[in-house]
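Here are a few exercises to work through with the model open in your viewer. Try each task before you read its solution.

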Amino acid sequence: MVFDHINEQGSKRYSAVTALYSQLRAFADDCRGNIAILFASMMTLLALFAGGAVDYTRWNTIRADMLSSLDAASLAIAQLRSSDSNLTEEELKAYGDAFFRENFKHESSLLPGWFVEFNTSSDAVIGACIFGDLDTILLGVAGIGKLAVDDCVEITPQGAGRVELALVLDVTGSMNCPPGSDTGCNGGSNSKLQALKDSIDTMLNALYKDDETTSDNVRIGIVPFNTFVNPGGASSWSTNYEDTSAQAYYHGSRFFHVTAAGLVDMSRTVNHYDLFDSVDNVTWGGCVESRPYPLDELDVPPGGNLSTSEFDAIFETPDEWDDSGASDEDTLNLAAFTDAPTPHLTEFEIRTANNFNFVPSFIPDGPDCNNGDDCQEDGVFHSSVPLISPYRAFSWHYYYNDPPTGRGWTEDDYTYRFMINDRNYLNPGFTLDHSRYARIIDLYRGVMDGSLSHPDFEDFLRDDLGITQSYSEEFIMRPAYVGYWNPVTQSYDGKYTIGWNSAFSGSPNGDCPPAILPLTNSRTTIENYKNALTANGGTNIPNAAMWGWRVISPGAPFTEAIAPGETGPEGSDFGDWQKAVVIMTDGKNSLKFNGGTPDTHWGSIENSYGYASEERLGEGIDTATKMEAELNNKMLRICQRMKNEDYVVYTVMFGLNDSTTRNVFKACATSSSHPHFHDVGNGADLDDAFNDIADDLVKLHVSK
C-alpha cells in the first residue's frame with residue numbers, strides 16, 4: 001500500500017514536470033515572438049541586477065578609499081608647502097601623486113591609463129582630481145565592461161583660506177583696569193584693554209602669512225561696544241539706513257515739542273537730528289538705538305519687511321530641543337525662547353517700515369541738583385516781572401523749582417548725570433530762557449492738578465514719564481523739555497542752545513564708542529584700528545552681538561560680506577567662505593549706575609534699549625535688574641539665530657567671575673568647550689584663547 005502510494009505521488013510529479021516542459025517548449029517555439037523577446041529581456045535585466053549589485057559594491061568600496069587617499073594627499077601637500085615655501089608647484093604635485101599611490105590600496109582594480117591631478121595654484125584651496133575607470137566582473141554580461149571613477153575634492157584653510165570674521169569687543173570702562181583688579185585703572189600697558197590688543201596681534205599672526213599685509217582669503221571686522229554700538233560713519237553706512245524723518249516708533253519718545261508760540265504740540269515728534277542741530281559744536285557721534293523687539297534680534301535690512309507668517313515664526317521654539325536629556329546649554333537656550341517676553345508694541349506697530357531703520361541715540365540732559373540755582377531747597381525764586389503764559393496769566397512771585405530729592409534720590413546722583421547746568425534756564429538771573437521754561441512748568445502743574453486741560457500732554461506725563469505728583473516731580477519733566485522750536489534756524493532754542501557747563505563732562509552722544517570697522521582684508525587697517533581703541537561706559541552685550549552678525553551678513557547696512565550668487569577672489573563663491581563671530585567681554589550685562597542702583601527715575605541708565613520704564617525689551621521688563629536678565633536671554637536667542645545660519649560663534653570671558661554670564665556664554669557658543677568657549681583670567685590666557693580660535697579657523701578641512 002505504501003509502495004503504491006509512492007508510485008502514485010511520483011506519477012503525479014512526473015506528469016506535472018512533463019506538462020511544464022511542454023509549456024516551455026511551446027513558449028520557445030512560439031512564432032509570434034513577443035513572449036520570447038520579453039522573456040529574453042527579463043533574463044538580461046536579472047543578470048544586470050545581479051552583476052550590478054556586485055560591481056556597485058566594489059565601486060563604492062574603491063571610491064571611498066580613493067577619496068580618502070585624495071584628501072590625505074591634498075593635506076600632505078598643504079603641510080609640505082607650509083613647511084617649505086621654496087618648493088615649486090611641480091614638486092608639490094609630484095609629492096602629492098606619490099603620497100596618493102602609497103595610500104591607495106585598489107590600484108590594481110583600475111584599468112590602465114588612470115591618473116591623479118593636483119591644483120596648487122591657490123594659497124587658499126588645493127584641488128585634487130582622479131580620472132580613470134574600474135573594470136567590472138559581472139556587468140560585462142550586459143555589455144558594461146567598465147565604470148568611471150572620475151571625482152574631485154578640495155581642501156580649504158578656514159581663515160587663512162576664506163573666512164569672514166567679526167570681533168565683537170568689550171571696550172567698557174573696566175577694560176582700563178588690570179586683570180583681577182579695580183585699581184590702577186588708567187588704561188596703561190598692564191590693562192585688560194592692552195592685553196586684548198596684544199591678543200588680536202596673536203590672532204593676526206596666525207591668520208596672515210609672514211610679511212603679508214593683505215589677503216584675498218581673510219576679511220575681519222571689529223565691533224567695539226559698551227552700552228551702545230556705533231555703526232554710523234563706517235564706509236558702508238548710508239542715510240538710507242537712518243530714521244531721518246523721525247517715523248520709527250521710539251524716535252523722540254522721551255521728548256515733547258514746544259512751538260515758537262510756547263504751545264505744547266504732542267502731534268509732532270521731536271527729531272533727534274534737530275536736537276543735534278540745536279547744540280553748538282556737537283554733531284551726532286554715530287551710535288544708534290536698538291530696533292523695537294523682536295526686530296532687534298533679526299538680520300533684516302533697513303527698509304525691509306516681514307510677513308505675518310515670518311513674524312509669527314520669530315516666536316517659535318526650536319524643535320530640536322526638548323526637556324528630556326537636554327544639556328545645561330540646551331536647557332538655557334530652550335528657556336530663552338519659551339520664556340521670551342511679549343512685545344511692548346503691537347504686531348502692526350512693529351512691522352511698520354520705518355521701525356526697520358535705525359534711530360540716532362540722543363542722551364537726554366538729566367536734571368541737576370548741584371547748587372541752589374538748580375534746585376531751590378527753600379522753594380523761593382523771586383522776580384518782579386509778571387509773565388504771561390500761553391495757557392493762563394500768572395505771577396512769577398514766589399515760584400520755585402522742585403528738587404530731585406525726597407524720593408530716595410541724592411544730589412550726587414543728579415550731579416553726575418547733568419550735561420547742561422539747569423540754572424542756565426531755571427534761574428532768571430542767567431538767561432531769559434528761564435521765562436520760557438516757567439510757562440511749561442505752569443502748564444505741567446495745571447494739567448497734573450486738573451486746573452488746565454491738555455489730554456495728550458497729560459497722557460505723556462503720566463504714561464510715558466511716569467509722573468504722578470503735580471509739584472514734587474517737576475524734575476522728572478526736565479529732560480523731556482528741549483526748548484522752543486525756531487522755524488528760522490530749524491532747531492530748538494532755549495535749552496541746548498545755551499551750551500554745556502564746561503566744568504562737567506557730558507554729551508548727547510554719551511560714551512559712544514568708535515565706529516564699527518567693516519570687513520577688510522588689510523592687516524594694517526585692522527592693526528591701526530585696534531591700537532586706537534579706548535575704554536569707557538557700561539556693558540550691553542546682545543546689542544553688540546547683533547551688530548557682529550550684521551557685519552558678516554551680506555545684507556545692509558554692512559554690505560562688504562560675500563553674498564549668495566556673488567563671485568569672490570579666485571572664483572570663490574558664498575559656500576567657500578566660513579563666517580564666524582568672536583564675542584569677548586570682561587563684564588556682565590549692566591544697566592545700573594556704576595553697577596549699583598539706577599541713578600534715574602526711569603529705572604536704568606540710558607542704553608540702546610532705552611530706559612527700563614519704556615519696556616522696550618517686552619511687557620513688564622521695567623527695571624534695570626529685569627532688563628539685565630532679559631539681555632542674557634536675548635543674547636542666547638541672537639546666538640542661536642546666527643548658528644541657524646551656519647555661523648560659527650566663539651565666546652570669551654576675560655577676568656570675570658560670574659556664573660550667570662559663564663553659563664550664557666557657554667550656551668551661546670557653537671559648543672560649550674574649547675575651542676568655542678573660553679574663560680580666562682589674565683593676559684597670557686587671553687592670548688592663548690585668541691590663538692586657539694585662530695588655529696581652529698585655519699585648520700584645514702575638506703570643503704568639497
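Helices here are DSSP runs of H or I with at least four residues, strands are runs of E with at least two, and both are numbered from the N terminus. Keep in mind that this is a predicted model.

**Exercise 1. Get the overall picture: how many helices and strands are there in the protein, and what share of its residues is buried?**

Step 1. Count the elements: you should end up with 18 helices and 18 strands.

Step 2. Turn to burial. Of the 704 residues, 51% are buried, where buried means under 20% relative accessible area.

Step 3. Look at the outside. The accessible surface is about 30600 Å², and carbon and sulfur atoms own 51% of that surface.

Step 4. Check how far contacts reach along the chain. Take the contacts with a separation of 6 or more: 73% of them are between residues 24 or more positions apart.

**Exercise 2. Find the disulfides. Which parts of the chain does the pair of cysteine 287 and cysteine 512 tie together?**

Step 1. Search the whole structure, and four disulfides turn up. Let's walk through three examples.

Step 2. Begin with cysteine 129 and cysteine 152, whose sulfur atoms sit 1.9 Å apart. This link is right-handed, with 110° about the S-S bond. Cysteine 129 belongs to strand S2 and cysteine 152 to strand S5, 23 residues apart. Now compare their exposure: cysteine 129 has a relative accessible area of 17%, so it counts as buried, whereas cysteine 152, at 39%, is partly exposed.

Step 3. Go on to cysteine 287 and cysteine 512, with 2.1 Å between the sulfur atoms. It's another right-handed link, at 100° about the S-S bond. Cysteine 287 is in the loop between helices H5 and H6, and cysteine 512 is in the loop between strands S13 and S14, so the pair ties together parts 225 residues apart in sequence. Cysteine 287 is buried, at 1% relative accessible area.

Step 4. Finish with cysteine 639 and cysteine 668, where the S to S distance is 1.7 Å. The angle about the S-S bond is -45°, and this link is left-handed. Cysteine 639 sits in helix H16 and cysteine 668 in helix H17, so parts 29 residues apart are tied together. Both cysteine 639 and cysteine 668 are buried.

**Exercise 3. Explore the largest nonpolar core: which element gives the most to it?**

Step 1. Size it up: the largest nonpolar core has 40 residues, and Trp547, Val551, Ile583, Met635 and Met642 have the most contacts inside it.

Step 2. List the suppliers. Elements giving at least two residues each include strand S6, strand S15, helix H15 and helix H16. H15 gives the most, with eight residues.

Step 3. Zoom in on methionine 635. Beyond its sequence neighbours within four places, methionine 635 contacts Ile541, Pro542, Ile583, Val664, Phe665 and Cys668.

**Exercise 4. Place tyrosine 391: where is it, and is it buried or partly exposed?**

Step 1. Locate tyrosine 391 in the loop between strands S10 and S11.

Step 2. Read its accessibility: tyrosine 391 is at 25%, so it counts as partly exposed.

Step 3. List its contacts more than four places away in sequence; among them are Gly262, Val264, Leu443 and His454. The C-alpha atoms of tyrosine 391 and glycine 262 are 9.1 Å apart, with their positions 129 residues apart in sequence.

Step 4. Look for a polar partner: a polar side-chain atom of tyrosine 391 lies 2.8 Å from the backbone nitrogen of valine 264.

Technical notes
Residues numbered from 1 in each chain as written. Predicted model: local features only at pLDDT ≥ 70, side-chain atom pairs only at ≥ 80, totals over all residues. Heavy atoms only, no water. Buried < 20%, exposed > 50% of the residue type's maximum accessible area, 1.4 Å probe, protein only. Polar contact = N/O pair within 3.5 Å; in protein donor to acceptor, adjacent residues only side chain to side chain. Core = buried A, V, L, I, M, F, W, Y, C linked by side-chain atoms within 4.5 Å. Contact = heavy atoms within 4.5 Å. Areas by Shrake-Rupley, 256 points an atom, 1.4 Å probe, with all protein chains shown as cover. Disulfide = S-S within 2.5 Å.
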